[in-house]
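Work through three short exercises on the model shown here. Try each task before reading its solution.

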Amino acid sequence: MLTEKFTFDPKEGIDNPAMVIADCTESMWIPRPRLCVLKREEGETYGFNLRVEKDCHGHVIRNVVQGGIAARSGLRDGDRLLEVNNCYVDDVPHPEVARKIKLSGQQLCMLVLDGEEYEQAVAVGQDLRLLSGTLDEEPCKPPRLCHINKEPGSGLGISFTALEGEKGRFSVNLVKGGAAEKAGVRKGDHLVWMNGAMVSHLTHSALSRMMKKCGNSITILVVDSESEKIYMQRKMPILPAMAVPHKLPFRARKLHLIAGPEGYGFLLRLEQTPSGNTYHVLREVDSGSPAERAGVQDGEILLEVNGESVDSLRHDEIVERVRLSGKQVFITTITQTGLGFYNQLGLSPLLFCDGEVAENKTDKIDVQLSPKENNDLSGSRLCTVEKDPLGFGFRLDSFPQRPGTFISEVGSGGSGQRAGLVVGDVVLEVNGKNVEEKHLAEVITLVKNGGSCLSLLVMDQTSYEKKKEKEKPTSNVTESEEDDDFEISFL
């Protein structure tokens with residue numbers, strides 16, 4: 001009787017036709033996020049709501065319109081949002097996530113996870129960043145939005161070569177030390193977008209004609225070739241909303257105004273531009289007024305009040321929001337020429353803001369309105385602190401004999417100061433989690449685990465003490481009101 005000889009080669013594994021290996025699917029369960037790319041035309045909406053719901057983790061997708069843009073992209077009711085335009089947002093406060101979506105323009109890239117899979121992943125303590133790819137060993141670098149002005153003699157200092165056999169893909173050629181290199185374009189970059197138009201459908205001759213019509217400047221979106229490969233492998237579009245800006249000639253500005261005895265010292269008027277569009281314009285800035293000290297310039301266009309876009313607001317609604325803001329207000333403005341620049345590119349000017357605040361000499365402040373349930377926090381500020389090589393640039397300390405944490409030190413010129421933190425500020429929330437009743441060690445742990453970007457809701461100590469005196473043990477906000485507070489509609 002002959003028997004088949006069994007051999008084992010460690011390089012090849014088990015080679016035994018008689019052996020059957022059963023699958024063990026339960027122990028190998030891995031959540032599978034989905035990439036949804038939404039494209040809309042001017043005037044269209046994406047067709048879904050984004051919510052934060054009581055007793056429900058994450059940013060929840062709701063009310064997906066049947067047959068709408070979101071539904072056609074694969075978005076489903078109950079999905080949880082992990083990324084917006086390649087930026088991890090699961091631990092980002094809800095208003096900031098909604099803002100990212102609004103500013104994305106006519107194309108939006110969302111990484112989502114089925115609701116049941118999300119809850120299961122949270123229950124077992126799975127790191128959702130691993131699912132999103134934000135913890136890749138070699139994460140792709142963001143694209144760069146570069147504005148290039150012609151220079152005498154060398155011109156724009158850039159030309160493009162079509163990649164052989166790949167329609168609509170171009171590599172850049174640079175003049176060393178030329179205008180393009182100074183504007184942030186690098187050797188080996190690939191061109192993605194020029195003056196508001198994607199180049200993926202262009203031939204080299206069409207691109208050359210486009211270059212000749214550009215005049216004395218162009219604005220281009222470029223990405224290094226290795227990162228482009230990663231975007232393509234993930235089937236992820238490369239969008240201006242993902243970009244790091246370089247040498248843009250105009251920026252929206254975030255300004256902090258503190259009212260004086262006579263108010264803020266400016267007028268707000270609804271005016272029509274030569275193009276026929278109407279905007280809310282800042283006029284008659286009084287000399288020496290809080291508005292002038294904050295850097296307000298006559299003729300600037302108002303874009304935001306306390307982090308809320310004024311696009312859909314009537315004049316009286318804007319005035320009411322400023323009035324309800326109390327003794328201080330944060331506004332975002334841009335010059336009329338600057339707004340025209342972004343309109344020509346098809347981009348929102350709010351994508352790239354200078355956060356310089358002349359009143360207190362900080363460089364960057366990112367403030368959003370708190371939800372209605374935090375109306376007793378009228379003096380609170382939401383500051384976004386990005387980690388730099390020297391850290392976050394602030395120190396924490398605790399109150400004696402009771403919970404609570406405050407900013408004890410802010411490094412001069414550091415990230416904390418640029419974000420608007422001030423010594424003595426009481427920390428109310430870290431990345432959306434309330435820490436008023438937590439001890440110092442717990443808050444430090446949240447900060448350390450918060451990644452490279454922190455959202456801190458803070459309040460000056462005087463306002464905080466007054467708040468604590470007025471605070472009642474029960475809330476007068478009903479469950480339904482709380483749900484309505486956090487619903488952001490895009491229908």
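The exercises below use a predicted model.

**Exercise 1. Which residues of helix α7 are buried, and what do they pack against?**

Step 1. Helix α7 spans residues 225-233.
Step 2. Its buried residues are Ser-227, Glu-228, Ile-230 and Tyr-231. They span an arc of only 160° around the axis, so they sit on the same side of α7.
Step 3. The spacing rule fits here. An α-helix has 3.6 residues a turn, so residues three or four places apart point the same way.
Step 4. The packing partners of these buried residues are β12 (189-194) and β14 (217-224).
Step 5. Look just past the helix end. Lys-235 comes just after α7 and takes a positive phi of about 60°.

**Exercise 2. Find what surrounds the side chain of Asp-224.**

Step 1. Place the residue: Asp-224 lies in strand β14 and is buried.
Step 2. Check for a charged partner. The nearest side chain of opposite charge is Arg-144, 4.9 Å away. A salt bridge needs a nitrogen-to-oxygen distance within 4 Å, and Asp-224 has no salt bridge.
Step 3. Check polar contacts. The Asp-224 side chain makes one with the side chain of Ser-227, at 2.8 Å. Ser-227 is also one of the buried residues of α7.
Step 4. List the contacts. Leaving out residues up to four places away in sequence, Asp-224 touches Lys-141, Arg-144 and Asp-189.

**Exercise 3. How many disulfides does the whole structure hold?**

Step 1. Recall the bond: a disulfide joins the sulfur atoms of two cysteines covalently.
Step 2. Search the whole structure. The result is zero disulfides.
Step 3. Compare burial. Cys-146 is buried, at 0% relative accessible area, whereas Cys-353 is partly exposed, at 21%.

Technical notes
Residues numbered from 1 in each chain as written. Predicted model: local features only at pLDDT ≥ 70, side-chain atom pairs only at ≥ 80, totals over all residues. Heavy atoms only, no water. Buried < 20%, exposed > 50% of the residue type's maximum accessible area, 1.4 Å probe, protein only. Helix = DSSP H or I, 4+ residues; strand = E, 2+ residues; numbered from the N terminus. Arc of directions from axis to C-beta. Contact = heavy atoms within 4.5 Å. Disulfide = S-S within 2.5 Å. Lys, Arg positive; Asp, Glu negative; His and termini not counted. Polar contact = N/O pair within 3.5 Å; in protein donor to acceptor, adjacent residues only side chain to side chain.
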